[in-house]
Amino acid sequence: VPLSAKATHQQTRALNQGLVLRTLYHHGPASRAEVARLTGLTRTTVSDVVGEFVATGIAREIGRGPSTGGKAPILVEVVDDSRLTIGLDLGERAFTGALVNLRGVVRHLVEIPVEGRDGHDALASVHRLIDDLLAGSGRDIVLGIGVGTPGLVDTERGVIRWAVNLDWQDLPLGTILSDRTGLPTYIANDARAAAMGEYLFANPARDANLVAVKVGLGVGAGIVLDGRLFHGDDFGAGEIGHTVVVDDGVECRCGRFGCLETITSSRAILQEAEDAAAGHVDSALHAVLDGTGAITLADVASATNAGDEPARRVVVSAGRALGRAIAGLIGVLNVRRIVLLGSVSALGDAYLDAVRDEASRRSLGTLAKATEIVLGRPDEDVVLLGAVALLMTRELGLVPVR
Ligand SMILES: [Zn+2]
C-alpha cells in the first residue's frame, strides 16, 4: 500500500528529528553546521529541527564555539534533565521504580518489597510505584514507561507471556499501563532490558552488537544485534538459564534437573559456599557462617580475595560453568563484546578470570581472541535503566552513532 504524502512527510520529519537528536546526544555540544555535516541533512532542515528542540526545551544553545575562520558558530546541546522516563524493575525480591534522565542518571528511586505478592496484588504494586513517581515529577516532561521483568515477554505487543514468580500469564501490561497513564510503555525481559541499557549508556566504543549475561537468582542473556534487541521467534532468545548442563543434576525450580541456573545462579553459589563452610572448619566462610548464620556474595568475594581456598573453589567452579555457556554464545553469535551483569558480578576478578578462561578454552581460537568479556556496572539499577534505554531508543531514536 503506498503511503499518503502526508504520512510520508510525517515519517521523514520523525526520522530527521531522531537523526538530529542522536547526533546532538552523542556528539554534542555541536553547531548546526556540524550537525548538518554529520547527518547529511541540509542546513535548513537542521535549523528547523534544532529550533523545535530549543523551543520545547530538549536542547539549548550554550554560546559560541571556536571560530573556524568566519563568525564563531553557536553550539547546541541536549538538556539531560529536560525529559524524564519512568523505569521499573519487577525483581524477584523487590519492585524498584525510578525517574531517570536522558543520560541514564536516576533522579528519584522508590522500592517496595514483593513479599509473596502475585497476580492482582503485584499489579496493584506496579500502579502504586508509577503513581508515586508521577507525583514526584512534572508530568509533562515524562516521556514514557519502561518495564523490565523476569519471564517471557512479547516486547512488540507489551504482553508478559509468562512470569512464574508473579503468577502472570498473557498479561497485556503495556496496554494496561499506557491506558491508565496515557504514556507510551515498553516491556522487556530483565536480561534483555539490561542489554539495552549497556548498549545505550555504557558503550564507549559504540559497538553495534553486544551480549549482556545477567546472573542473579536467574540466569539469562540479552542479545543486541545491529542496535536492536534480538528476541527470537518466541521471545526466548538468550534464555540460557534453563538449558540442562549437568546430567543427573539437582532439581531446578522449572521442574527439570541440572539446569545452568542450578549451578551458577546466586542461590546455587551461596548453597555451595555454605556446603564449603560446613566442610572446612578452618575456612573464612566457616567463620562467617558461624558468626552471622548466612553467607552473602560479598562474603564469598572477600574470602576469595583474602586467599581462602574453599571460597576460591566455589567462585571458580561457578565461573567455569558460566564460561561454558558463553562459549556456546560465542560460537553461535560471534559477538565481540560480552558484559556480565547481576548480583553475581560482585564476585569480582577471580570469577571473571574463570569465565574468560573457560569460554576461551572452549571456543574457536580466533573468535575467542577477538572476544572481550567484561564485568558490567555493579549497579543494582541495570534492569530499570535498560527498560528506560529501550523506551528511549524507540521513542527518540537514540541509538549510538559512530
Ligand atoms: Zn531450570
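In this predicted model, Ser-31 sits across from Leu-75, a residue of strand β3. That pairing belongs to the meeting of strand β1 (residues 30-31) with β3, where two bridges join strands that run antiparallel. Strand β3 has another partner too: β2 (residues 59-64) is joined to β3 by four bridges, again antiparallel. Here Glu-61 is the residue that stands opposite Val-76 in β3. As for its surroundings, β3 (residues 74-78) has four of its five residues buried, so the rest of the structure largely encloses this strand.

A further sheet is built from five strands. This sheet is open, its strands come in the order β6-β5-β4-β7-β11, and the pairing is mixed. At the edges sit β6 (106-113) and β11 (185-189), each of which pairs on one side only. Going from one strand to the next, the twist averages 15 degrees. Moving in from the β11 edge, β7 (residues 142-149) and β11 pair in the parallel sense, with five bridges between them. One of the residue pairs here puts Gly-148 together with its bridge partner in β11, Ala-188.

Two helices can be placed against this sheet. Helix α5 (residues 173-181) lies across β4 (84-90), β7 and β11, and runs at about 155 degrees to β11. Helix α6 also packs on the sheet, where it touches β7 and β11, and its direction makes about 110 degrees with that of β11.

Helix α6 turns up again among the charged pairs. The structure has 20 salt bridges, and one of them brings the side chains of Arg-192 and Glu-239 together at 3.2 Å, N to O. Arg-192 belongs to α6 (residues 190-201), while Glu-239 is in the loop between β14 (228-229) and α7 (261-264), so this pair ties together parts that lie 47 residues apart in sequence. The two ends of the bridge sit in different settings: Arg-192 counts as buried because its relative accessibility is 3%, whereas Glu-239, with a relative accessible area of 32%, is partly exposed.

Helix α11 (residues 309-333) offers salt bridges of a more local kind, beginning with Glu-309. Glu-309 and Arg-312 form one in which the closest N and O atoms are 3.1 Å apart. These two residues are three places apart in α11, so about one helical turn separates them. Glu-309 also meets Arg-313 in a salt bridge, this one at 3.9 Å, N to O. Glu-309 and Arg-313 are four residues apart in α11, which again means a separation of about one helical turn. Partly exposed is the label for each residue in this little group: Glu-309 has 35% relative accessibility, Arg-312 has 37% and Arg-313 has 42%. Elsewhere, salt bridges with shared partners link Arg-320, Arg-324, Asp-357, Glu-358, Arg-361 and Arg-362 into one network.

On the nonpolar side, the largest core holds 47 residues. Val-20, Leu-24, Tyr-25, Phe-53, Leu-102, Phe-201 and Met-392 are the ones with the most contacts inside this core. The biggest share comes from helix α14, which gives ten residues. For a closer look, Leu-102 is a handy place to start. Beyond its neighbours within four places in sequence, Leu-102 is in contact with Tyr-25, Ile-58, Val-78, Val-79, Asp-80, Ser-82, Arg-83, Leu-143, Phe-201, Met-392 and Leu-396. There is also a second core, separate from this one, with 38 residues that include Ala-221, Ile-223, Ala-237 and Val-344.

That leaves α14 itself. This helix (residues 382-396) has 15 residues and reaches 20 Å from its first C-alpha to its last, close to the 21 Å expected at 1.5 Å a residue. Helix α14 is mostly covered, with 13 of its 15 residues buried. Just after α14 comes Gly-397, which takes a positive phi of about 65 degrees.

Conventions. Residues numbered from 1 in each chain as written. Predicted model: local features only at pLDDT ≥ 70, side-chain atom pairs only at ≥ 80, totals over all residues. Heavy atoms only, no water. Expected span 1.5 Å × (residues − 1). Buried < 20%, exposed > 50% of the residue type's maximum accessible area, 1.4 Å probe, protein only. Salt bridge = Lys/Arg side-chain N within 4 Å of Asp/Glu carboxyl O. Core = buried A, V, L, I, M, F, W, Y, C linked by side-chain atoms within 4.5 Å. Contact = heavy atoms within 4.5 Å. Pairing = 2+ DSSP bridges. Axes fitted to C-alpha atoms, helices over the stretch in contact; angles between N-to-C directions.
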